[in-house]
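User: Please take a close look at one residue and its setting. Then work outward through the rest of the fold in one connected answer.

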Amino acid sequence: SYIWYKNGQTVQAQTSSYLQLNTYNYENSYSCAVNRCGDLVSPPVLIQGQNGWGVTYTSTEICASKGSTVEMSCTYRYPPRVYGYDVTVQETFWFKRTNVDLTTDSEYSGRVQNICDNNKCTLRITDLRESDSAEYKFRFITNLSSGKHTGSPGVTLSVAVYQYYTEAELKCHSSCSPACRLSYVWFKNGQKVREETSSYKGWFHPRDVISCALKGHENYSSPSVCEFTPLCQEKTTTYIHSFLKLHEDAAELFTETKR
């Protein structure tokens, strides 16, 4: 059987291995010992309940894009007095995997700030990376040996990587007469993707490189269209019409942008 103590005083009629409390005060501490071994008492436990200690996050799930800046905030609370002593907060910090302050983590060097005002703290991370996707928790430490608290579960951050594409229609023109019924060859990033027709329409990544040539004269291709500007924030569809003009064995490029 067991002996239970409340603030150092024996709790009567409590001999089981657990103590159920219907009500409690956050200034009370509890400890226990094995009966007949009353001189071997466990360290006291300070009740950290909803009315005493806690961390509340503004949001528990955040999604942000790679390279952007994100902020996660929380408020924390603690009892003003415990065991007759005033409680003061000595340290506040955010961590990811272990109880290590992110501001001291080399992985976040120059990219993270912990901004606190009264009982509210905000973690700001700049230049987000894919590796920043994780669960972040807030922890505060007081002047009491048992006065430490971590908000768990924490805030889950997901860093998304977006691929922007532009819809474009490319046309390959030759100085030869249309009666020649020319056939064309298209190249995307150095690979042949299309033949026969003079136009090529599709979605292109900003780093795609497109060129065309007359069929049978692939070694004399047009200059490449080297850049497709991302238009992800446009509310209306934008078409970029690029004209690749072939002059026999020579080629020249001129581009016209329309919205």
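Analyst: Trp 186 is buried, because its relative accessibility is 0% and the cut-off for buried is under 20%. Keep in mind that this is a predicted model. Trp 186 belongs to strand E17, which covers residues 184-188. Ala 213 comes 27 residues away from Trp 186 in sequence. In space, the two C-alpha atoms are 6.6 Å apart.

Follow E17 onward and the chain enters a loop. Asn 189 sits there, between E17 and strand E18 (191-195). Its phi is positive, about 55 degrees, although Asn 189 is not a glycine. Asn 189 is partly exposed, with 42% relative accessibility. Trp 186, by contrast, is at 0%.

Now the cores. The largest nonpolar core holds 27 residues. Met 72, Trp 94, Leu 123, Ile 125, Tyr 136, Phe 138 and Leu 157 have the most contacts inside it. Several elements give two or more residues each to this core: E5, strand E6 (61-65), E7, E12, strand E13 (134-142) and strand E15 (155-160). A second core is separate and has 10 residues. Among them are Cys 172, Ile 210, Cys 212 and Leu 214.

Three of those elements meet again in a sheet. It is open, has 4 strands and follows the order E5-E7-E12-E11. The pairing is antiparallel. Strand E5 (54-57) and strand E11 (112-117) are at the edges. Each has a single partner strand, so one side of each is left without a neighbour in the sheet. On average, neighbouring strands here are turned by 25 degrees against each other, direction ignored.

Go through the pairs in turn. Strand E7 (residues 70-77) runs antiparallel to strand E12 (residues 120-125), with 6 bridges between them. Ser 73 has Thr 122 of E12 as its bridge partner. Thr 75 is bridged to Lys 120, also in E12. On to E11: 6 bridges join E11 to E12, and these strands are antiparallel too. Asn 114 stands opposite Leu 123 of E12. Leu 123 is one of the core residues with the most contacts.

E11 and E12 form a hairpin with 2 residues between the strands. Asn 118 is in the loop between them. Its phi is near 55 degrees, positive in a residue other than glycine. Asn 118 counts as exposed, because its relative accessible area is 67% and the cut-off is over 50%.

A second hairpin offers a comparison. Strand E1 (residues 2-6) pairs with strand E2 (residues 9-10) in the antiparallel sense, over 2 bridges. Lys 6 has Gln 9 of E2 as its bridge partner. The hairpin of E1 and E2 has 2 residues between its strands. Asn 7, in the turn, has a positive phi of about 50 degrees.

Next, the aromatic side chains. The whole structure has 11 aromatic pairs. In one of these, Phe 138 and Phe 140 have ring centres 6.5 Å apart. Their planes are at 35 degrees, so the pair is tilted. Phe 138 is buried, at 0% relative accessible area. Phe 140 is also buried, at 0% relative accessibility. Both belong to one aromatic cluster, along with Trp 53, Tyr 57, Tyr 76, Tyr 78 and Trp 94. Trp 94 and Phe 138 also appear among the core residues with the most contacts.

A charged name also turns up inside. Lys 96 lies in the loop between strand E10 (89-95) and E11. Lys 96 is buried, at 10% relative accessible area. Its side chain makes a polar contact of 2.9 Å with the side chain of Tyr 108. Leaving aside neighbours within four places in sequence, Lys 96 is in contact with Leu 102, Glu 107, Tyr 108, Ser 131, Ala 134, Glu 135 and Tyr 136. Tyr 136 is another of the core residues with the most contacts.

One backbone detail remains. The peptide bond from Ser 152 to Pro 153 is cis, with omega near 0 degrees. Pro 153 is in the loop between strand E14 (148-150) and E15. E15 gives two or more residues to the largest core.

Methods
Residues numbered from 1 in each chain as written. Predicted model: local features only at pLDDT ≥ 70, side-chain atom pairs only at ≥ 80, totals over all residues. Heavy atoms only, no water. Pairing = 2+ DSSP bridges. Axes fitted to C-alpha atoms, helices over the stretch in contact; angles between N-to-C directions. Buried < 20%, exposed > 50% of the residue type's maximum accessible area, 1.4 Å probe, protein only. Polar contact = N/O pair within 3.5 Å; in protein donor to acceptor, adjacent residues only side chain to side chain. Contact = heavy atoms within 4.5 Å. Core = buried A, V, L, I, M, F, W, Y, C linked by side-chain atoms within 4.5 Å. Phe/Tyr/Trp six-rings, centres within 6.5 Å; stacked < 30°, edge-to-face > 60°.
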